[in-house]
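This report goes through one protein structure, from charged pairs to nonpolar cores. Keep the sequence and the 3D view side by side while reading.

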Amino acid sequence: MSQYTQRVNTGMNDAYGVDSGYWWNDLNTVAVGSVVKGYIRFTNVNINPGATITSAYLTIITDPISYANGNMYLKIKGIDEDNTNDYTNDASGRNRTTAAIDWDIPDPWGFGQTYTSPDIKSIIQEIIDRG
């Protein structure tokens, strides 16, 4: 079994937008909120077709200037494409996976804290099984 770790570290591989149409691609920052949709793209990930994903997680570290009042309720989905383009343009129209994972982070949302998602293997497996 192999393990893969990657940090998103270029501005066009993470972005966020709001339902009213505003779009930002911002180095190492994804804002989340009631009407905010965040996007993270992982590049150069080579997984053989037919591989079985046994576990997969996202780990985030909150920005020291992050703020939140109350619990955070997130829904994680994948972009249903083999090699999605970067986030130069609004990604909200891209097809999503049917697999989705709820991630509830209890209050308080701490500054500079590390949070690990529930297992997202069903999302990754759906993308791997596309072919």
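## Arg-130 and its partners

Arg-130 is partly exposed, at a relative accessible area of 39%. The model is predicted. Which residues share a salt-bridge network with Arg-130? Asp-80 and Asp-82 do.

Take Asp-80 first. Its side chain meets that of Arg-130 in a salt bridge, at 3.1 Å from N to O. This pair links distant parts of the chain. Asp-80 sits in the loop between β5 and β6, Arg-130 in the segment after α1, and 50 residues separate them. Now take Asp-82. In its salt bridge with Arg-130, the closest N and O atoms are 2.7 Å apart. Again the pair links distant parts of the chain. Asp-82 belongs to the loop between β5 and β6, while Arg-130 follows α1, 48 residues apart. Asp-82 counts as exposed, at 55% relative accessibility.

## A bridge between two strands

The structure holds three salt bridges. One of them joins Asp-102 to Lys-75, with the closest N and O atoms 2.5 Å apart. Asp-102 lies in strand β6 and Lys-75 in strand β5, so the pair ties together parts that are 27 residues apart in sequence.

How accessible are the two partners? Lys-75 is exposed, with a relative accessible area of 52%. Asp-102 has 48%. That value makes Asp-102 partly exposed, because exposed requires over 50%.

## Overall layout

The protein has seven strands and one helix. Along the sequence, the pattern reads β-β-β-β-β-β-β-α. Of the 131 residues in the protein, 30% are buried.

Contacts reach far along the chain. Among contacts with a separation of 6 or more, 62% are between residues 24 or more positions apart. The accessible surface comes to about 8,900 Å². Carbon and sulfur atoms hold 48% of that surface.

## The largest nonpolar core

The largest nonpolar core has 14 residues. Which of them touch the most other members? They are Leu-74, Ile-76, Ile-101, Trp-103, Ile-105, Ile-120 and Ile-123. The elements giving two or more residues to this core are β5, β6 and α1, the helix at 121-128. Strand β6 provides the largest share, four residues.

Ile-101 shows how this packing works out at one position. Leaving aside neighbours within four places in sequence, Ile-101 is in contact with eight residues listed here: Leu-74, Lys-75, Ile-76, Pro-118, Asp-119, Ile-120, Ser-122 and Ile-123. Lys-75 in that list is also the salt-bridge partner of Asp-102.

## A second core and an aromatic pair

Apart from the largest core lies another, of five residues. Among them are Ala-15, Tyr-39, Tyr-87 and Ala-91.

A search of the whole structure finds one aromatic pair. Tyr-39 and Tyr-87 form it. Their rings are 5.7 Å apart, centre to centre, with 50° between the planes. The pair is tilted, because the angle is neither under 30 degrees nor over 60. Tyr-39 lies in strand β3 (residues 36-40), and Tyr-87 in the loop between β5 (72-79) and β6 (96-105). The pair therefore ties together parts that are 48 residues apart in sequence. Are these two residues buried or exposed? Both Tyr-39 and Tyr-87 are buried.

## A polar residue under cover

Gln-125 is found in helix α1. Its relative accessible area is 16%. Gln-125 is buried, because that value falls under the 20% cut-off.

What does Gln-125 touch, leaving aside its neighbours within four places in sequence? It is in contact with Ala-51, Thr-52 and Ile-53.

## A nonpolar patch on the surface

Some nonpolar side chains face outward. Tyr-4, Ile-40, Phe-42, Val-45 and Ile-47 form a nonpolar patch on the surface. Together they have about 410 Å² of accessible area.

Tyr-4 comes from the segment before β1, the strand at 14-18. Tyr-4 is partly exposed, with a relative accessible area of 46%.

Conventions: Residues are numbered from 1 along each chain as its sequence is written. This is a predicted model: local features need pLDDT of at least 70, side-chain atom pairs count only at pLDDT 80 or more; totals for chains, interfaces and linings use all residues. Side-chain values use heavy atoms; hydrogens and water are left out. Rings of Phe, Tyr and Trp (its six-membered ring) pair if their centres lie within 6.5 Å; planes under 30 degrees apart count as stacked, over 60 as edge-to-face and the rest as tilted. Buried means under 20% relative accessible area, exposed over 50%, partly exposed in between (1.4 Å probe, protein chains only). A nonpolar core is a set of buried Ala, Val, Leu, Ile, Met, Phe, Trp, Tyr and Cys residues joined through side-chain atoms within 4.5 Å. Contact means heavy atoms within 4.5 Å. Patches are made of residues with over 30% relative accessible area and no salt bridge: like charges are joined within 9 Å, nonpolar side chains (Val, Leu, Ile, Met, Phe, Trp, Tyr) within 5 Å. Accessible areas come from the Shrake-Rupley method with a 1.4 Å probe; for residues, only the protein chains shown count as cover. A salt bridge is a side-chain nitrogen of Lys or Arg within 4 Å of a carboxyl oxygen of Asp or Glu.
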